[in-house]
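Colleague: I'm new to this one and would like a close look at a single part. Could you pick one helix, tell me how its two sides differ, and then show me how it fits into the rest?

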Amino acid sequence: MGDPCTESNSMAESDSKPPSASKNGKGEGGSGHSFFTWFMVLALLGVWTSVAVVWFELVDYDDVLARAKEFRYNISEVLQGKLGAYDADGDGDFDVEDAKVLLGLKEKPSILVERRAEPESLVEEPEAEPEPEVVEEMIQPSHAEEAAWPFPDPVEEEPVVLEEVEPEGEEEPVEDEAAPEIEISEEQVEEAQVDWESELEGEPEVAEAEESAPAEEDEDDSLSEDAGENQDTASVPEGDDDAAVPLPELVEEDSDSEDHTEDAIDTIGEIVEEAVPEETEEELDHEELLEVDQGDEPTREDENPQEAEEEPAPAEDQPVEKVLVTAEAAQEQKPKEKVKKKKPKLLNKFDKTIKAEIDAAEKLRKKGKVEEALRAFESLVQRYPQSPRSRYGKAQSEDDLAEKVRSNEVLLKAINTYREVAELPDPPADLVKTTLKRRAERQQFLGRMRGALATLEWLVQLFPEDISLKNDLGVGFLLMGDNKNAKRVYEEVLAVAPNDGFAKVHYGFILKSDNMIAESIPFLREGLQTGDPGTDDGRFYFHLGDALQRVGDSSAYEWYELGHQRGHFASVWQRSLYNVDGLKAQPWWTPRETTYTDLVKTLEKNWKTIRDEALSVMDPSRGLFVPEDENLREKGQWGQFTLWQQGKKVEKSCRSVPKTCALLDRYPEATGCKRGQIKYSVMQPGTHVWPHTGPTNCRLRMHLGLVIPANGCQIRCTNQTRAWEEGKVLIFDDSFEHEVWQDASSYRLIFIVDVWHPELTQYQRQTLSPI
């Protein structure tokens, strides 16, 4: 052990020495590792990693380099491809020389045209024209787009780009050699664009021709110069008129459907606004407005072209083939003739000054905003009381509102407003004609036949040269039951227009109603053969066939077949005209098939009571049995005594046969049948009833035999003939052709009970109109 002083001195010396440095010059204290050490470690790791990647071929450097090179080339090609459209000197790229050419500082080499002609052969076209070659080069359309384009005409649009890019004057020699059509004016280019654009939209060429008409004529004819709106005037008719027909024809006829409820709402008005460009939405085509609100006559025009297209050809051995060909040829010519018609003029000079206000109100009406439209037109009438078009719009809005709220009172207001339009001092003639025709239709709808007749006579006085108005007047007389005046009108029409098919069929119908059977046939036949609007009606086929049957002409069934082919009859045998589709159709029925077995049992069980009450009222002196008045008898006597008619009880008759009526009161399928009757029928010997059909397929007819002679009484329905039995019920569908013979030595008495067709729903039975 040493001296304590010595040890303390040594410790002090050791404390005063500085810390020793390591080999790398850093102190050994602190973190324990220097920055340099870490750097060396990472460097060595990087070296060895690189060696490992190369040694073990973890990365294909050649492939990486190749991809980078390819990417660089692709970028170059893309950029060069975009700028290649401006390659003007033909060296395949865009450079300073190309820029000089585009700026007009240098002329385009003539060899460019030849080089550009070669790629054009890639397009599969019959003949490559110079103009599309240059245009394609400048605009660079893809060949796929050209192949998919529905029309070749759009290439005419491309010269517009050329005119914007190429300098004026300097390149005329080259363009004259390679593409002489490049100098098309901008107006011609715009017209070409309109042509193919309208074709793509499905517009007919007729609409384009109308669009190119002078502006003054368009203003006179309608409020809108946009022919595209013609597409949207097609209304959906109530019946079978919604088949495909050419657009020009629909424009002429679409609105004149039977159901004016659709005219009132006019849902297609919304389609107009969706399909028409914005700049034309502000204007409404008043030709369309006229057509949407015209009446029944164009409805006939609407039906014929459609049915002519759908008509199947008859057998070659049928004599009616010539009729079919004639009718179809006439129908095909109708649309071409209609296209030539001038647009109606609905605006006078003053109305043209307020056209924008009228358009705004009319747009509301066409959108179905009836109340708002009515207020708008009422405001216009208050401000411009002498404006015919504003007052006509008010009448239309009232008409539409009447349809919407089902109000006859509102409809009467519309009828009065229509009259006011025609009484104004300066209404256009076309507007007056349209207004009064609509007024007559609405009067007929309300059953005001005398008022409608007066309106039609007013029309004929204003437009004496219009044959169609005289034809309508004849129909007005027929609706009044005035066959004499109707006949006079059609004789006047045929005197000036001997080939008018509409007048012929109606004149033939009148002759047949007057029992001039043989005389009616040529008028009915020739009228149908014309194919004129309004002739393709089931009633005329019905009466022509019936007339031919009565004179013993077997061609009657050929005309019935033609009527069936055109959709007027369910079959050659079943020729009723007021039908419900889909009902079971067969000539003879059993009680079980009708489901009315309880009624049949009641009738057969009480047949003697029913007979005795009939015998008690058969005394001719009482006059209860009245002669049949439907012109169905060839000869003989046929009387009837009616207890129920159109679902209504004849109280006076039932007081004479109270027991019979009490029995039937329990059966609403019979007493509530609005399309039938309950009656006694007595037929004297020597009577023959022509083959005929009932008016509707909505009923079945029961015959209860009361007094039946042993021999000589028969009934045929289609090709089956049967006889009555006392106390038994026969059931048949009288919409099928049937015929009766009474060749016995004494009278035949039966009881007829019509019942609803069993397949009709309760709702149908309540809502079907009476017959």
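Modeller: Start with the face of helix α34 that is turned away from its buried side: the exposed residues there are Lys601 and Lys605. Exposed means over 50% relative accessible area, buried under 20%, and partly exposed in between, with a 1.4 Å probe and protein chains only. Helices are DSSP runs of H or I with at least four residues, strands are runs of E with at least two, and both are numbered from the N terminus. A word on the source: this is a predicted model, where local features need pLDDT of at least 70, side-chain atom pairs count only at pLDDT 80 or more, and totals for chains, interfaces and linings use all residues. Residues are numbered from 1 along each chain as its sequence is written, and side-chain values use heavy atoms, with hydrogens and water left out.

Now for the other side of α34, which runs over residues 597-605: Leu599, Val600, Thr602 and Leu603 are its buried residues. Looking down the axis, you'd see them fall within an arc of 160°, so they line one face of the helix. That arc is taken from the directions between the helix axis and the C-beta atoms. The general background is that an α-helix has 3.6 residues a turn, so residues three or four places apart point the same way.

Another helix to look at is α31 (residues 538-550), which holds Gln549. Gln549 counts as buried because its relative accessibility is 15%. Setting aside neighbours within four places in sequence, Gln549 is in contact (heavy atoms within 4.5 Å) with Ala556, Tyr557, Tyr560, Arg575, Trp690, Pro691 and Glu737.

Loops have something to show too. Asn515 sits between α29 (501-513) and α30 (517-530), and its phi is near 65°, a positive value in a residue other than glycine. Asn515 is partly exposed, at 46% relative accessible area. Thr718, in the loop between β9 (713-717) and β10 (720-722), also has a positive phi, near 55°. With 5% relative accessibility, Thr718 counts as buried.

As for the whole protein, there are 39 helices and 13 strands. Of its 771 residues, 47% count as buried. Among contacts with a separation of 6 or more, 69% are between residues 24 or more positions apart.
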